[in-house]
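Biologist: Please take a close look at a single part of this model, and then carry the same kind of reading over to other parts of it. I would like a connected account in which each statement can be checked against the coordinates.

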Amino acid sequence: MANVPYKIYLTEEEMPKYWINMKAFMKEKPEPFLNPATFQPCTAEELEQVFCKELVKQEQNTTDKYIEIPKGIRDFYKMYRPSPLVRAYCLERQLDTPAEIYYKFEGTNTSGSHKLNSAAAQVYYAKEQGLTHLTTETGAGQWGTALSMACAYYNIDLTVFMVKVSSQQKPYRKAVIETYGGKVVASPSDTTEIGRKILSEHPDTGGSLGCAISEALETAVQTDNCRYVLGSVLDHVLLHQTIIGQETRIACEKHGIKPDIIIGCTGGGSNFGGLIAPFISEKIAGKSDVRIIGVEPASCPSLTRGKYAYDFGDTGKTSPLMKMYTLGSGFIPSPSHAGGLRFHGMSPIISKLYNDGYIEARAVEQTSVFDAATVFARSEGILPAPESAHALLAAMEEAIKCRETGEKKTIIFGLSGTGYFDMAAYVSYNSGTMVDYIPTDEDLEKGFAGLPKVPNRE
Ligand SMILES: *Cc1c(COP(=O)(O)O)cnc(C)c1O
């Protein structure tokens, strides 16, 4: 067979018209969300007070295997998709490995990550519903940026609660969001009740995603014609991200590429879930034995050291309860540089797949992540986001194993974004001051102690 091109693009005609609803393929479904007051499964009506109607419908859909991408969203996607599937020839040479390495690169849009895929969809549905305002949180800033781009396109007002450490580390992120018309509030803030409470208990906190979520939720329910949108974790976000996996699958079929290993980084699980969707569906059906690996930071190890339990999605304990791998909603991870991976929980779908043995998980330390990021930048030319470099590191580890065993495996990893706004992290790495934080078992026990007691569900 002819050499695979360096970059594989799809034509406009080849672009996927359907997202994949992974739950419809799963033999056992994830547990339902529970109302924390009654411990009964959340109804659509309850969820619609917080979330857009169509997104609630998608969240609760466990039967339709494919969901059509509306034309209004496909038109938005055309501005920056397809994203390339790149054969990492230069990295392969650098590592002297017989493995074939590919990466699906989601960093080609201005927001710099995959998050625009779900932002576009969520804002489109908000607009269809006649909403005028959305609130959200942002950790590293990518989600807020993506959402501000989508809100500008569909003409919706946006308030972004940005984790305080990120807003300090990344002032330019804030500037980009504001350029697209979004309003940025550093979290915890004094604009919400929960923000004021957290500030009074932890005046020096740099904030966390969980805490910013609480503030955004509170503001959404108190603002007219407003809903809250979330950039990860939820099933409908993973659904929208399956555009990544769909494009990857089509590109693979076009060039006869058969992955042995698929790797993604896992914060809330959305880019990973989106990438693996078509492949895990085949694996569940027993038609493939592809290995699938989620990579997380050792500083926030929800899959590898968390508990599979019902927990809140936010620090303020106001969200529905979700059954997921979690470190406890009170766990505030140390300030690692991969802001997008600092979430205490994990997507309920990914959690269930992991619990049922379909996927593996690996935790890695940030200095090794930046070692890998630097090798990649110098060989492939792209400066990766720290989050994405977690997947990259695991892909390199697998490729190096192939060098040792002589196996010619095909590895695909998700390069979820670029790191141009993460230069404080690169400065810290380059100057040798970066340190690795690994929570002790006692640290984790404190988080687990705060898990809600859910009757008859464990
Ligand atoms: C937000 C983000 C992540 C983590 O989020 P997931 O929902 O786990 O995908 C990973 N990479 C980048 C570049 C991000 O911006």
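Modeller: In this predicted model, Cys-151 has a relative accessible area of 4%, which means that it counts as buried under the 20% limit. Being buried does not come with a sulfur bridge here, as the structure holds zero disulfides. For Cys-151, the nearest cysteine sulfur belongs to Cys-52 and is 9.9 Å away, whereas a disulfide would need the two sulfur atoms to be within 2.5 Å. Cys-300 can be read in a similar way: its nearest cysteine sulfur, that of Cys-265, is 13 Å away, and Cys-300 is in no disulfide. With a relative accessible area of 2%, Cys-300 is also buried.

A buried polar side chain can be followed in Gln-246, a residue of helix α12, which spans residues 235–255. The relative accessibility of Gln-246 is 4%, so it counts as buried. Once the neighbours within four places in sequence are set aside, Gln-246 is in contact with Pro-16, Tyr-18, Ile-20 and Pro-278. One of these partners also offers a polar atom, since the backbone oxygen of Tyr-18 lies 3.1 Å from a polar atom of the Gln-246 side chain, within the 3.5 Å limit for a polar contact. Ser-329, by comparison, is 83 residues from Gln-246 in sequence, and the C-alpha atoms of the two are 33 Å apart in space.

The ligand is the next place to look. Among the 19 residues around the ligand, those that come nearest are Lys-115, Ser-232, Gly-267, Asn-271 and Ser-416. The side chain of Lys-115 places an N or O atom 2.5 Å from an oxygen atom of the ligand. Backbone atoms take part as well: a backbone N or O atom of Gly-267 is 2.7 Å from a ligand oxygen, and for Gly-268 the corresponding distance, again from a backbone N or O atom to an oxygen atom of the ligand, is 3.0 Å. Taken alone, the ligand exposes 380 Å², and the protein buries 98% of that area.

Two helices show how burial can be arranged around an axis. In α18, which covers residues 423–430, the buried residues are Ala-425, Tyr-426 and Ser-428. Around the helix axis they cover an arc of only 160°, and therefore they sit on the same side of α18. Val-427 and Asn-430, on the other side of α18, are exposed. The cover over the buried residues of α18 includes α16, residues 366–380. Just after α18, Gly-432 takes a positive phi of about 75°.

Helix α19, residues 441–449, has Leu-444, Gly-447 and Phe-448 among its buried residues. Seen down the axis of α19, the buried residues fall within an arc of 100°, so they line one face of the helix. Glu-442, Lys-446 and Ala-449 are exposed on the other side of α19. What the buried residues of α19 pack against is α14 (302–305), together with the strands β12 (307–312) and β13 (321–326).

Definitions and conventions
Residues are numbered from 1 along each chain as its sequence is written. This is a predicted model: local features need pLDDT of at least 70, side-chain atom pairs count only at pLDDT 80 or more; totals for chains, interfaces and linings use all residues. Side-chain values use heavy atoms; hydrogens and water are left out. Buried means under 20% relative accessible area, exposed over 50%, partly exposed in between (1.4 Å probe, protein chains only). Helices (H or I, at least four residues) and strands (E, at least two) are DSSP runs, numbered from the N terminus. The arc is that of the directions from the helix axis to the C-beta atoms. Contact means heavy atoms within 4.5 Å. A residue is near a molecule or strand if one of its heavy atoms lies within 4 Å of it. A polar contact is a pair of N or O atoms within 3.5 Å; within protein, one must be able to donate a hydrogen and the other to accept it, and residues adjacent in sequence count only if both atoms are side-chain atoms. Accessible areas come from the Shrake-Rupley method with a 1.4 Å probe; for residues, only the protein chains shown count as cover.
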